[in-house]
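Please walk through this protein with me, one part at a time, keeping the sequence and the picture side by side as you read.

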Amino acid sequence: MTTKETRRSLEWLIRSSGHHAVSFDSARRYLDEFGEHHCPDCIIIDVVMPEMGGMQLHGILNGRSPNLPVIFITGLHDERLRERARRLRCEGFFTKPLDTAALMAAVDRAVGALSSS
């Protein structure tokens, strides 16, 4: 499955679960289109993306909105990345191929925690 197909499949999955979803082909495009004026309920970030990695994007977003729930996904099976994500207090860290049920449970937890605060 291509990156574009994966992104579209995730967008469809999230929408089919009753959430609003928008996807972007790069961190830079997300930042350019939404800038500082968009505050999603949750964001799913691929660790490896063109131009800017997911951890770098997380750092930018955390500076703007420190309580934004973040879920990382990656094709890399690297325990150091998993540990780094855990230290960043992410809502979830998933390797591809994705366990979509576990991913959606993490999305639901993140959105639910946000709405209850």
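The paragraphs below go from the sheet to a pair of helices, then to two details of the backbone, and finally to the largest pocket.

Before looking at any part, keep in mind that this is a predicted model, and that every value given here is computed from it.

A good place to begin is the sheet, which is open and has three strands in the order β1-β2-β3, with parallel pairing. The strands β1 and β3, the latter made of residues 92-95, stand at the edges and have a single partner strand each, so one side of each is left without a neighbour in the sheet. If you look along the sheet, neighbouring strands are turned against each other by 20° on average, when direction is ignored. The pairing of β2, which covers residues 70-74, with β3 is in the parallel sense and runs over four bridges, and in β3 it is Thr95 that stands opposite Thr74.

Turning to the helices, you can follow how α2 packs with α3, the helix of residues 54-64, at an angle of about 25°, while their axes lie 10 Å apart. Angles under 35 degrees count as roughly parallel, and therefore α2 is described as roughly parallel to α3. Where α2 passes α3, the crossing is left-handed.

Two details of the backbone deserve a slower look. Most residues other than glycine have a negative phi, and most peptide bonds are trans. Glu51, found in the loop between β1 and α3, has a phi near 75°, which is a positive value in a residue other than glycine. In the loop between β3 and α5 lies Pro97, and the peptide bond that leads from Lys96 to Pro97 is cis, with omega near 0°.

The last stop is empty space rather than chain. Rolling a probe the size of a water molecule over the atoms shows where empty space is left. The largest pocket has a volume of about 850 Å³, and 35 residues line this pocket, with Val22, Ser23, Phe24, Ile43 and Ile44 lying nearest its centre. Which elements give two or more residues to the lining of the largest pocket? They are α1 (3-16), α2 (27-34), β1 (43-46) and α5 (100-116), and of these α1 gives the most, with six residues. Sorted by class, the lining of the largest pocket has 21 nonpolar residues, eight polar ones and six charged ones.

Notes
Residues numbered from 1 in each chain as written. Predicted model: local features only at pLDDT ≥ 70, side-chain atom pairs only at ≥ 80, totals over all residues. Heavy atoms only, no water. 1 Å grid on protein atoms, 1.4 Å probe; cavity = no way out; pocket = protein on both sides within 12 Å on 5 of 7 lines; lining within 4 Å. Points joined across faces, edges and corners; volume = space filled by probe spheres on them. Nonpolar A, V, L, I, M, F, W, Y, C, P; charged D, E, K, R; others polar. Pairing = 2+ DSSP bridges. Axes fitted to C-alpha atoms, helices over the stretch in contact; angles between N-to-C directions. Parallel < 35°, antiparallel > 145°, perpendicular 65-115°, else oblique. Left-handed = near helix turned anticlockwise from the far one by under 90°.
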